[in-house]
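Colleague: Got a minute to go through this one with me? I'd like to hear about the ligand and the empty space inside.

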Amino acid sequence: MNELFEEEKLVCTHFNEKYERFYGAIVPPIFENTLFTFPTLKELFDGQAAESENYVYTRGTNPTVEILETKLAELEHGESCKLFSSGMAAISSAMTSFLSKGDHILFVNNIYGPAIQYAAYMEKFGVEYSIVTELTAESILNNIKENTKIIYMESPGTMTFKLLDIQIAVDAAKQKNIITMIDNTWATPLFQKPLDMGVDISIHSCTKYIGGHSDVIAGAVITNKKLMESIFKNEYMLHGGCIGPFEGWLLLRGLRTLPIRMEKHQESALKVAQYLKDHPKVNKVNYPGLKSHPDYELGKKQLKGFSGLMSFELKNESYEAVEKAANSCKLFKIGASWGGYESLITSPNHGNNEDDLKKNGMNPGLIRISVGLEGADNIIADLEQALAKID
Ligand SMILES: *Cc1c(COP(=O)(O)O)cnc(C)c1O
């Protein structure tokens, strides 16, 4: 796997740093300024007329942030990238860019909850949505409506980690002139290149692996120049969800080590998944990196690697067992989010929503873990002692 990353390691480290611009500084300065001045009024107005290509105002462009944007675009083979103040700012801006009253969004696979909640919020503007979790070409085509404008997908799906054959969704959309978007957060720009598969827009919560240290909230949209032009002019500039220069600088720092962190997340996650698969109290492990996983072959086709987030199902499906397992962990911290250096544990089972879970194809004994960088042996030892405490 390591060899696949050689080119990308150079993007994460030196690409577009242009050290000479900043006195040869090895780390670019944080341009913590809101505006840029011009010698004449005419030059200011010319700058404003093409704001995406000029430094005018930090709600639009900023030199520190721009270095990061060019690196992410390069990593995903996109023409353009914009950084947002959060993953949700990126998602909501990308969605609204293509929606008008009466339009429909089709969500394909198990999708990050707030993305669906945003579509539900958009109902008051006359937008509708539906979800399809049966991932065949037939089923996707059958769920496309006259007014479908966006196919929004995630692969692997949230919580269940089922893979979607992205090509199938892209082909279905192309037949009907529908925009395709993917939440590519799980795979990172290293493990999956959706634009190469014909997806129009790739979205990341940079809060997760790209930041990698649980200290910055941010999001990214990567797409072609034409689509970005409209997103920049409208949703980026007008909703105002721009990233701050300091947050951009933190992400640049995170990105430098993304390849080596992902190598380690993958290596440890595979060991943890194998350990859990053989555990007598575990029914099933949802991790497409396991050879025994039904999506393993599809994964080999469209992923270059497997990150550290997975779920598993306890044989004992009671909430008490889920709670006991999580609360018994010592190394694993209990918390939302994922993709940082630290191992985290949570569950969609809140003790009062078992019927909802089953309706959404989730087992009540489901536990989600983010495998961190503490070392596979330490992580497995913690799970071992926690699982010993449940019936
Ligand atoms: C966290 C997350 C988001 C939202 O990102 P924020 O930075 O928290 O706004 C979107 N998609 C996925 C898959 C996520 O895990």
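Modeller: Sure, we can take the ligand and then the cavity, bearing in mind that this is a predicted model.

Colleague: Where does the ligand sit?

Modeller: In the largest pocket.

Colleague: And which residues come nearest to the ligand?

Modeller: There are 13 residues around the ligand, and Gly87, Met88, Asp183, Thr207 and Lys208 come nearest.

Colleague: What about the shell by class?

Modeller: The shell around the ligand has six nonpolar, four polar and three charged residues. Helix H4 (residues 87-97) supplies the largest share of that shell, with three residues.

Colleague: Okay, polar contacts. What does Thr207 do there?

Modeller: An N or O atom in the Thr207 side chain is 2.6 Å from an oxygen atom of the ligand. Gly87 uses a polar backbone atom, 2.8 Å from a ligand oxygen. For Trp338, a polar side-chain atom lies 3.0 Å from an oxygen atom of the ligand.

Colleague: How much of the ligand's accessible area does the protein cover?

Modeller: The ligand has 380 Å² of accessible area on its own, and the protein covers 89% of that.

Colleague: Switching topic: how many cavities of 30 Å³ or more are there?

Modeller: The count comes to one. The largest cavity holds about 40 Å³ of space.

Colleague: Which residues line the largest cavity?

Modeller: Its lining is Thr58, Gly60, Thr61, Asn62, Val65, Glu69, Lys82, Tyr236 and Ile243.

Colleague: And how does that lining split by class?

Modeller: Three residues lining the largest cavity are nonpolar, four are polar and two are charged.

Note on methods:
Residues numbered from 1 in each chain as written. Predicted model: local features only at pLDDT ≥ 70, side-chain atom pairs only at ≥ 80, totals over all residues. Heavy atoms only, no water. 1 Å grid on protein atoms, 1.4 Å probe; cavity = no way out; pocket = protein on both sides within 12 Å on 5 of 7 lines; lining within 4 Å. Points joined across faces, edges and corners; volume = space filled by probe spheres on them. Nonpolar A, V, L, I, M, F, W, Y, C, P; charged D, E, K, R; others polar. Near = heavy atom within 4 Å. Polar contact = N/O pair within 3.5 Å; in protein donor to acceptor, adjacent residues only side chain to side chain. Areas by Shrake-Rupley, 256 points an atom, 1.4 Å probe, with all protein chains shown as cover. Sits in = over half its atoms within 2 Å of the grid points. Helix = DSSP H or I, 4+ residues; strand = E, 2+ residues; numbered from the N terminus.
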